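Hi everyone, thanks for making time. Let's take a few minutes to look at how two chains meet.

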There are 2 protein chains.
Amino acid sequence: MTDLEAEVLALRDPRRLRALIREGLWDRRTTDLVPGFTQANLAILPRTDALDFFRFCQRNPKPCPVLEVTDPGNPEPYLTAPGADLRTDVPRYCVWREGRQVDEVTNISNLWRDDLVAFLLGCSLTFEEALDKAGVPFRPGTARRYRPIYTTSIECVPAGIFQGPLVVSIRPIPPDLVVRSVQITARFPMTHGAPVHIGDPAAIGIADLSNPDNNDGSGFALPPGHVPVFWACGVTPQRVAVRAGVKFMITHAPGHMFVTDIPSEQLAVL
Amino acid sequence: MTDLEAEVLALRDPRRLRALIREGLWDRRTTDLVPGFTQANLAILPRTDALDFFRFCQRNPKPCPVLEVTDPGNPEPYLTAPGADLRTDVPRYCVWREGRQVDEVTNISNLWRDDLVAFLLGCSLTFEEALDKAGVPFRPGTARRYRPIYTTSIECVPAGIFQGPLVVSIRPIPPDLVVRSVQITARFPMTHGAPVHIGDPAAIGIADLSNPDNNDGSGFALPPGHVPVFWACGVTPQRVAVRAGVKFMITHAPGHMFVTDIPSEQLAVL
């Protein structure tokens, strides 16, 4: 571990992490960083698409829980991270044009426009932390940072040009902890909340668990004696926007999230 | 009680009530009608103001819990009331131009436009039903349908042109049931949820409890031995839109709500 890695892992203030990212010193994953604070999926769209996308999120709160929608043209998400700058404070961005990824960058200052609206959506890191704290294991059979995801047969509620299937992530849970895993994650509706399905993958249109959408070559095998539990995944809105062929969109790169100032417990409903 | 009143009070299907309203047979309050189903505050705005208003609602979920936002130009709220028509299915509408009420009507078909977006927001009738069912009295000192409201010193989080103070309603609760009233209403975040304040009215900028904003002449007196408990009120977004001087807006008339097909229990978080 380098000195920088050690320093970043020890950070407990989201503003410090964002400053390092802004200065170009950290362009890697945010997983496991600044524990206890809410991290967010990012989707930046032109104002012309924003109302449709906002309606899509409101209609599909499990995959798209809205933490903040910025004022058009203003890159500061002043409600969830006062002083932050969405043009520089995310480690890596994907740039999309007409539904195709055209670039991956660490700074979008030169791409910013007066008509852009940023959506910050809750992500699963928050409820994974809660599962960890409660002693519910959910990573058996996978590398620590690999979470297999699948396209389901569940159609999201469409809104304007945005439509498409729900994407889910899987976590294998010991049978005696399945109910507990529902209770724990239900506390956090702003970060995907309770599972969308427990058990038989075929019931939600997943034909082959061994071949996730993000198969890195090692595939996935459900560990014996575990129940497959599925949560709505934040990849859903990005996929839906790509499918809609939006003229222009910027998202975070997978795992490279925006870290807010909101303590996760502040979002808990219980 | 007339035959019509008896028929309407006995209705248990929101579609039947909306049909009567659509046919012009019922233009009166919806309070106490079709118990168990979610009623909604209505605000219809041109698309140009919709993104700002939507952001205002997202930023102020206690006064403005969003049940549905319709597709621009489509008067059917097909998610919360498939087949309904927002131009005809509300008993009474207020029409506003440049921040002033210019009309009160029972049908807005002639005012509908291709750029109008309707916001359906949760209202307090749902949690009042829950308080009733749980045996928590909250009407002492007031007529059954009169709920005093007050402008507070709490500023809503602004969004674009929309800004202004939070409006609250008061319910006097016996001291031993205050905690229970929090628990019961917290189950329904989509219909204002838990109180925003318990106790001293001055703490939220209410100087004179005896003079509510909607003083009908009889004023209000806190019954001895009761605690004043304040909930966010759905009048807030309407006031804020009026204050913004929006060019055109249509709302429900007070107490004349849109009745959805959503069972209130379906919106409960616990």
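Before we start, one term: a salt bridge here is a side-chain nitrogen of Lys or Arg within 4 Å of a carboxyl oxygen of Asp or Glu. Keep in mind, too, that what you see is a predicted model.

With that term in hand, look at B:R59 and A:D71, whose side chains form a salt bridge at 3.0 Å, N to O. Between chain B and chain A the count is four salt bridges, and there are twelve residue pairs in polar contact, both at pLDDT 80 or more.

So which parts of chain B are doing the touching? Both α3 (47-59) and β2 (66-69) give at least two residues each to the side facing chain A. The largest share comes from α3(B), with nine residues. Sorted by class, that side of chain B has 13 nonpolar, three polar and six charged residues.

Now let's step back to the whole interface. Chain B brings 22 residues to the contact, and chain A brings 22 residues. About 1800 Å² is buried between the two chains, 61% of it on carbon and sulfur atoms. Three residues, B:L51, B:F54 and B:Q58, supply 32% of the area chain B buries against chain A, more than any other three.

Finally, how are the copies arranged? A turn of 180° with a shift of 0.0 Å along the axis lays chain B on chain A, with an RMSD of 0.0 Å. That is the relation of a two-fold axis. The same surface serves both copies, as 100% of chain B's contact residues recur in chain A. And here B:L51 returns: of chain B's residues, B:L51 comes closest to the rotation axis, at 2.9 Å (C-alpha).

Key:
Residues are numbered from 1 along each chain as its sequence is written. Chains are lettered from A and ligands numbered from 1 in the order in which they are written. This is a predicted model: local features need pLDDT of at least 70, side-chain atom pairs count only at pLDDT 80 or more; totals for chains, interfaces and linings use all residues. Side-chain values use heavy atoms; hydrogens and water are left out. Copies are superposed by least squares on the C-alpha atoms of residues with pLDDT of at least 70 in both. Contact means heavy atoms within 4.5 Å. Buried area is the accessible area (1.4 Å probe) that two parts lose on being put together, summed over both. A polar contact is a pair of N or O atoms within 3.5 Å; within protein, one must be able to donate a hydrogen and the other to accept it, and residues adjacent in sequence count only if both atoms are side-chain atoms. Helices (H or I, at least four residues) and strands (E, at least two) are DSSP runs, numbered from the N terminus. Ala, Val, Leu, Ile, Met, Phe, Trp, Tyr, Cys and Pro count as nonpolar, Asp, Glu, Lys and Arg as charged, and the others, Gly among them, as polar.
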